[in-house]
Amino acid sequence: MNCYKCGAEMRSQRARVPGEYAGEKLVVDTEAMVCSECGYTTLHASQIDPFTTELADAYRVKQGLLTSAQIRIIRNRLSMTQEAFAKYLNVGVASVKRWELGKAQDKSSDELIRLKSNLARAEQNVAVIKFNQGGEADEFSGGRGFSVIKLGQVTLFFLHKAAERRAAIGPLHINKLCWYADAENYRHRGVSITGARYARLPWGPAIDDYRMVFREWQRRGIIAAHGVDKLEPLQPFQPDAFQPEELEILENVWNRFKGGLRQIVADSHKEKAWRQTGHAELISFRLLK
Ligand SMILES: [Zn+2]
C-alpha cells in the first residue's frame with residue numbers, strides 16, 4: 001500500500017487516530033497505515049473494526065461506562081454465555097454481542113449490567129431504596145416509618161457522647177444503644193424514635209442490615225470507621241430533629257450504659273423481646289409490653 005499523498009510506502013504501526021463516536025470527538029491509539037515519508041495516516045479496511053471498537057471504548061471511558069472488555073470479564077465472572085447473560089439482563093443476545101464487539105451501551109443498560117453483576121452496586125441500590133423510601137410502620141418498626149435522618153442522628157448522639165468520654169464504641173454498641181432508645185421510647189409512648197427494624201443476632205439486637213446502614217453513612221460522610229469497633233462522628237448532633245421526650249430517652253439510655261458498655265450486651269440478652277425472637281428474625285416491639 002502506497003501513500004495517496006506522496007506515493008511512498010506505508011507501514012502498519014500504532015498511531016494516534018482521531019475519530020468521532022456518538023457526537024464525541026476522540027483520539028485513539030490504534031493500528032493504522034502510516035506513510036514512512038510524509039507521515040500521512042489512514043486505516044486499511046482490516047483496521048476499521050478494531051479502530052471502531054477502540055473508539056467506542058474511549059467514548060465509554062470518557063462517559064464512565066463499562067468497556068467491552070469489562071463487560072466480557074463481568075459475564076465470565078458470572079460463568080454465563082452471551083445467551084445466558086442476555087436472558088439474565090432481559091435484553092436481546094444481539095445487544096450483548098454488540099457491546100462486547102464495541103458498540104457502546106446506553107447509560108441505562110450500563111446501570112442494569114452493574115446492578116445485576118456488582119454486589120456493592122446492588123447493595124448501594126438497596127440502601128438508596130431503603131433510605132429514601134422509608135418503610136412500613138408496623139410492629140417491627142415500633143409503629144413508625146423508618147427515618148434515616150433520625151437513625152443517623154441517634155447514632156451521632158451516642159458517638160459524640162462516647163467521644164466526650166474518650167470511649168471507643170463501634171457498631172456492636174451503637175446497634176444496642178439505638179435499640180434501647182427505640183425500645184424505651186416505645187415502652188413510654190407506644191412508638192419508636194427512628195422506625196428502624198432490629199434483628200436478633202447472637203450478640204444482641206442489631207439494626208436490620210446494619211453493615212449496609214453503616215457503609216451508607218460512611219459514604220455520606222456522617223461517620224468514619226476505624227478498625228472493626230471504632231466509629232467516629234463526622235457531623236454534629238442536631239437536637240432539633242427530636243422531641244424533648246425523645247432527647248430525654250437518649251440521655252437516659254446513655255446514662256444507663258455509659259459506665260460499662262459491656263453491660264449493654266449482657267442486659268440486651270436478658271430482654272424478653274430478644275429471648276422470644278428466633279435467630280436472625282426481626283424483633284417485634286409488641287414483645288416489649
Ligand atoms: Zn506520504
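**Figure 1. The whole chain, and how far it is from a globule.** For a compact globule of 289 residues you'd expect a radius of gyration near 19 Å, but this chain comes out at 29 Å. Keep in mind that the model is a predicted one. Along the principal axes, the C-alpha atoms take up a box of roughly 90 × 40 × 30 Å. The domain assignment cuts the chain into domain 1 (10-119) and domain 2 (130-288), and the centres of domain 1 and domain 2, over C-alpha atoms, sit 48 Å from each other. In terms of secondary structure, the chain holds 12 helices and seven strands. Buried residues are 33% of the 289. Of the contacts with a separation of 6 or more, 62% link residues 24 or more positions apart.

**Figure 2. The three-stranded sheet E1-E2-E3.** This open sheet runs in the order E1-E2-E3, and its pairing is antiparallel. At the edges are strand E1 (10-21) and strand E3 (41-42), each of which pairs on one side only. Strand E2 (residues 24-35) holds on to E3 through two bridges, again in the antiparallel sense. If you want a spot to zoom in on, try Met-33, which stands opposite Thr-42 in E3.

**Figure 3. Helix H2 and its two faces.** Which residues of helix H2 (residues 68-77) are buried? They are Ser-68, Ile-71 and Arg-75. Looking down the axis of H2, these buried residues fall within an arc of 60 degrees, so they line one face of the helix. The face turned away from that buried side carries the exposed residues Ala-69, Asn-76 and Arg-77. What covers the buried residues of H2? The cover includes helix H1 (48-63), helix H3 (82-89), helix H4 (93-101) and helix H5 (107-117). After H2 comes Ser-79, with a positive phi near 55 degrees.

**Figure 4. Glu-83 on helix H3.** Glu-83 is found in helix H3. Is Glu-83 buried or exposed? Exposed: Glu-83 has 11 other C-beta atoms within 10 Å, and the cut-off for exposed is 12 or fewer. Glu-83 and Ala-94 are 11 residues apart in sequence, and their C-alpha atoms are 9.0 Å apart in space.

**Figure 5. Two separate nonpolar cores.** In soluble globular proteins, nonpolar side chains tend to be buried together. Here the largest nonpolar core has 39 residues, and those with the most contacts inside it are Val-154, Phe-158, Leu-159, Leu-177, Cys-178, Ala-181 and Val-253. Which elements give two or more residues to this core? They are H7, H8, strand E5 (204-207), helix H9 (210-219), helix H10 (244-257) and H12. Leaving aside residues up to four places away in sequence, Val-154 touches Cys-178, Ala-181, Ile-193, Thr-194 and Leu-250. A second, separate core has 16 residues, among them Tyr-21, Ala-32, Ala-58 and Val-96.

**Figure 6. The E4-E5 hairpin.** A hairpin takes E4 into E5 through two residues, and E4 and E5 pair over four bridges in the antiparallel sense. One contact to look for is Tyr-198, whose bridge partner in E5 is Ile-207. In a regular strand the side chains alternate between the two faces of the sheet. Strand E4 (residues 198-201) has Tyr-198 and Arg-200 on a covered face, while Ala-199 and Leu-201 are on an uncovered one.

**Figure 7. Two backbone spots with positive phi.** Most residues other than glycine have a negative phi. Arg-166, which isn't glycine, has a positive phi near 55 degrees. Where does Arg-166 lie? Look in the loop between helix H7 (148-164) and helix H8 (171-189). Arg-166 is exposed, with 6 other C-beta atoms within 10 Å. For Ala-280, phi is also positive, near 70 degrees. Ala-280 lies in the segment after helix H12 (272-275). With 10 other C-beta atoms within 10 Å, Ala-280 is exposed.

How values were computed
Residues numbered from 1 in each chain as written. Predicted model: local features only at pLDDT ≥ 70, side-chain atom pairs only at ≥ 80, totals over all residues. Buried ≥ 20, exposed ≤ 12 C-beta atoms within 10 Å, placed from the backbone. Arc of directions from axis to C-beta. Contact = placed C-beta atoms within 7 Å. Core = buried A, V, L, I, M, F, W, Y, C linked by C-beta atoms within 7 Å. Domains from an automatic or database assignment. Rg over C-alpha atoms; globule rule 2.2 N^0.38 Å. Pairing = 2+ DSSP bridges.
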